[in-house]
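Visitor: I would like a close look at one part of this model, with the reasoning kept plain. Please start from a single side chain and work inward.

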Amino acid sequence: MATTLDVNGKAYQVKATPETPLLWVLRDELGLTGSKYGCGVGQCGACTVQMDGQPIRSCSTPISVVGAAKITTVESFGGNHPLQVAWVKHDVPQCGYCQSGQLMSAAALLAQNPKPSDDEIAAAMDGNICRCGTYQRIRAAIKEAAG
Ligand code: FES
């Protein structure tokens, strides 16, 4: 039985079984490969997308849990999102692998808290790990995007 998912404002009929993690449906069925596979167990944040505006780990979220919720991925940002502009200005990415997840968590933070303090940024971004250690540039870019 096909499942309908709302991704970036579009309704998609997907064939995957209900227990399939959202990450694999996004990447393999919908071709939205911005969300990355890191650990597969909800620990690194590389797979972060938003579900009704909240950051979630798509590697460990079966599509049965998503239901009618609105999924937002980094592809919806289109390249000119204020966070992406700030990311470029601050030259944030190094290898880049974790950055779509970082952006999705940062966007969720700014939607709820448009002027976060350093501590609030640290708390909100705590679950997004960067092996290159770009944390200071991430924080600077979030503050830049916050204006
Ligand atoms: Fe999902 Fe690491 S791949 S949290």
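From a tryptophan to the core

Guide: Trp-24 has 17 C-beta neighbours inside 10 Å, so this residue counts as partly exposed; a buried residue would need 20 or more. The model is a predicted one, and Trp-24 is found in its helix α1. From Trp-24 to Asp-118 the sequence runs 94 residues, and the two C-alpha atoms are 33 Å apart in space.

Helix α1 also leads inward. The largest nonpolar core holds 35 residues, and those touching the most other members are Leu-22, Leu-83, Leu-103, Ala-106 and Ala-141. Two or more residues each come from β1 (3-7), α1 (22-29), α2 (63-66), α3 (82-89), α4 (99-112) and α6 (135-146). Of these, α4 gives the most, namely six residues. Because domain 1 (3-74) and domain 2 (77-146) both supply residues, this core lies between them.

Ala-106 shows some of the packing in detail. With neighbours within four places in sequence left aside, Ala-106 is in contact with Leu-83, Met-125 and Ile-142. Two of these partners, Leu-83 and Ile-142, can be followed into their own helices.

Leu-83 is buried in α3, along with Ala-86 and Trp-87. The three cover an arc of only 105 degrees around the axis, and therefore sit on the same side of α3. The cover over these buried residues includes α4 and α6. Just after α3, Asp-91 takes a positive phi of about 50 degrees.

Ile-142 is among the buried residues of α6, the others being Ile-138, Ala-141 and Ala-145. Their directions cover an arc of only 100 degrees around the axis, so they too are on the same side of their helix. Among the elements covering them are α3, α4 and α5 (118-124). In length, α6 has twelve residues and reaches 16 Å from first C-alpha to last, close to the 16 Å expected at 1.5 Å a residue. Gly-147 follows α6 with a positive phi, near 80 degrees.

The domains can also be viewed through their contact. The C-alpha centres of domain 1 and domain 2 lie 20 Å apart. Domain 1 puts 15 residues into the contact and domain 2 puts in 13 residues. On the side of domain 1 that touches domain 2, the elements giving two or more residues are β3 (48-51) and β4 (54-57). The largest share of that side comes from β3, with three residues. By class, the side has six nonpolar, eight polar and one charged residues.

The loop between β3 and β4 contains Asp-52. Most residues other than glycine have a negative phi. Asp-52 is not a glycine, yet has a positive phi of about 50 degrees. Asp-52 counts as exposed because it has 12 C-beta neighbours inside 10 Å, and 12 or fewer is the limit for that class.

Asn-8 is another such residue: not a glycine, and with a positive phi of about 50 degrees. Asn-8 is found in the loop between β1 and β2 (10-14). With 18 other C-beta atoms within 10 Å, Asn-8 is partly exposed.

Technical notes. Residues numbered from 1 in each chain as written. Predicted model: local features only at pLDDT ≥ 70, side-chain atom pairs only at ≥ 80, totals over all residues. Domains from an automatic or database assignment. Contact = placed C-beta atoms within 7 Å. Helix = DSSP H or I, 4+ residues; strand = E, 2+ residues; numbered from the N terminus. Nonpolar A, V, L, I, M, F, W, Y, C, P; charged D, E, K, R; others polar. Core = buried A, V, L, I, M, F, W, Y, C linked by C-beta atoms within 7 Å. Expected span 1.5 Å × (residues − 1). Arc of directions from axis to C-beta.
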